[in-house]
Amino acid sequence: MTTQRPKGRGAKPPIVLIANGPNLNLLGRREPAVYGKASLADIERACRKRAQGLGLGIDFRQSNQEGDLVDWIQGRMGQGGGIIINAGAYSHSSIAILDALTAVNLPVIEVHLSQIHRREPFRHHSYVSRVADGVILGLGAQGYELALDAIARLIAKREDA
Ligand code: DQA
């Protein structure tokens, strides 16, 4: 599915921020039995390809610092598009990220590579889920591509409203 918008010269595709939190830079080497063998660079490549087919641009980022995620989210305020976020361990602790996501008022899809509800109890609660339009869990790297499909629809719906 491609989002419906003018395709003339100068028409810019909506941007999806794909924000990755702490330790996701280690994907591929970090607990592969839990998080899979794909590296973050592999995931970024797959996202770029999928986004192109959907008529979306992506801004794919990773940081181990909570404040970076807050700054990137704030940077999308008033810009349209949407946000896909795997906040890693900050999902379970960060009210600051929740507040930033609430403030920008854009479509949000939360992704976790692992099925967090099958894991330790401290991973069962996510602050991000309070504001997410949808949550994709346990499908590994594929979850990011599914999140792009979902956010394309949410962005198109907002544009039509
Ligand atoms: C994770 C799950 C979190 O509990 C963990 O802290 C991560 C990765 C996931 O993608 O499965 O860093 O967000």
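The following questions and answers concern a predicted model.

Me: Which residues touch the most other members of the largest nonpolar core?
Reply: The largest nonpolar core holds 24 residues. In general, nonpolar side chains of soluble globular proteins tend to be buried together. The members of this core that touch the most others are Val-16, Ile-18, Leu-56, Ile-84 and Leu-148.

Me: Which element supplies the largest share of this core?
Reply: At least two residues of the core come from each of β1 (15-20), α2 (40-54), β2 (57-62), β4 (108-112) and α5 (142-160). The largest share amounts to six residues, and the element that supplies it is α5.

Me: How many residues does the other core, apart from this one, have?
Reply: A separate core lies apart from the largest one, and its members include Leu-17, Ala-19, Leu-69 and Ala-132. The number of residues in this other core is 18.

Me: With which residues is Ile-84 in contact, leaving aside its neighbours within four places in sequence?
Reply: Ile-84 is among the core residues that touch the most other members. Its contacts include Val-16, Leu-17, Ile-18 and Ala-19. They also include Ile-109 and Val-111. The list is completed by Tyr-144, Ala-147, Leu-148 and Ile-151.

Me: Why are the buried residues of helix α3 placed on the same side of α3?
Reply: In α3, which spans residues 66-74, Leu-69, Val-70, Trp-72 and Ile-73 are buried. They lie on the same side of α3 because the arc that they cover around the axis is only 165 degrees.

Me: Against which elements do the buried residues of α3 pack?
Reply: The residues in question are Leu-69, Val-70, Trp-72 and Ile-73. Their packing partners are β1, β2, β3 (82-86) and α4.

Me: Which residues are around the ligand?
Reply: The surroundings of the ligand include Pro-22, Arg-30 and Tyr-35. Asn-86, Gly-88, Ala-89 and His-92 are also among them. The remaining residues around the ligand are His-112, Leu-113, Ser-114, Ile-116 and Arg-123.

Me: What percentage of the area that the ligand exposes alone does the protein bury?
Reply: An N or O atom in the side chain of Arg-30 is 3.0 Å from an oxygen atom of the ligand. A backbone N or O atom of Ala-89 is 3.2 Å from a ligand oxygen atom, and a polar side-chain atom of Ser-114 is 2.6 Å from a ligand oxygen atom. Taken alone, the ligand exposes 320 Å², of which the protein buries 99%.

Me: Is Ser-91 buried or exposed?
Reply: Ser-91 is placed in the loop between β3 and α4, and a polar atom of its side chain lies 2.6 Å from the backbone oxygen of Gly-88. Not counting residues up to four places away in sequence, Ser-91 touches Glu-110, His-112, His-125, Ser-126, Tyr-127 and Val-128. Its relative accessible area is 1%, and the cut-off for a buried residue is under 20%, so Ser-91 is buried.

Me: Is Lys-37 buried or exposed?
Reply: Lys-37 lies in the loop between α1 (32-35) and α2. Leaving aside its neighbours within four places in sequence, its contacts are Gly-28 and Asp-42. Its relative accessibility is 76%, and exposed means over 50%, so Lys-37 counts as exposed.

Me: How far apart in space are Lys-37 and Gly-140, C-alpha to C-alpha?
Reply: In sequence, Lys-37 and Gly-140 are 103 residues apart. In space, their C-alpha atoms are separated by 9.2 Å.

Me: What is the positive phi of Asn-105, which is not a glycine?
Reply: Asn-105 belongs to the loop between α4 (95-104) and β4, and it is exposed, with a relative accessible area of 53%. Although Asn-105 is not a glycine, its phi is positive, at about 50 degrees.

Me: What is the positive phi of Asn-23, which is not a glycine?
Reply: Asn-23 is in the loop between β1 and α1, and it is partly exposed, with a relative accessible area of 35%. Although Asn-23 is not a glycine, its phi is positive, at about 75 degrees.

Me: The side chain of Gln-115 reaches the backbone nitrogen of which residue?
Reply: Gln-115 is found in the loop between β4 and β5 (134-137), and it is partly exposed, with a relative accessible area of 30%. Not counting residues up to four places away in sequence, Gln-115 touches Leu-137 and Gly-138. At 2.8 Å, its side chain reaches the backbone nitrogen of His-117.

Technical notes. Residues numbered from 1 in each chain as written. Predicted model: local features only at pLDDT ≥ 70, side-chain atom pairs only at ≥ 80, totals over all residues. Heavy atoms only, no water. Core = buried A, V, L, I, M, F, W, Y, C linked by side-chain atoms within 4.5 Å. Buried < 20%, exposed > 50% of the residue type's maximum accessible area, 1.4 Å probe, protein only. Helix = DSSP H or I, 4+ residues; strand = E, 2+ residues; numbered from the N terminus. Contact = heavy atoms within 4.5 Å. Arc of directions from axis to C-beta. Near = heavy atom within 4 Å. Polar contact = N/O pair within 3.5 Å; in protein donor to acceptor, adjacent residues only side chain to side chain. Areas by Shrake-Rupley, 256 points an atom, 1.4 Å probe, with all protein chains shown as cover.
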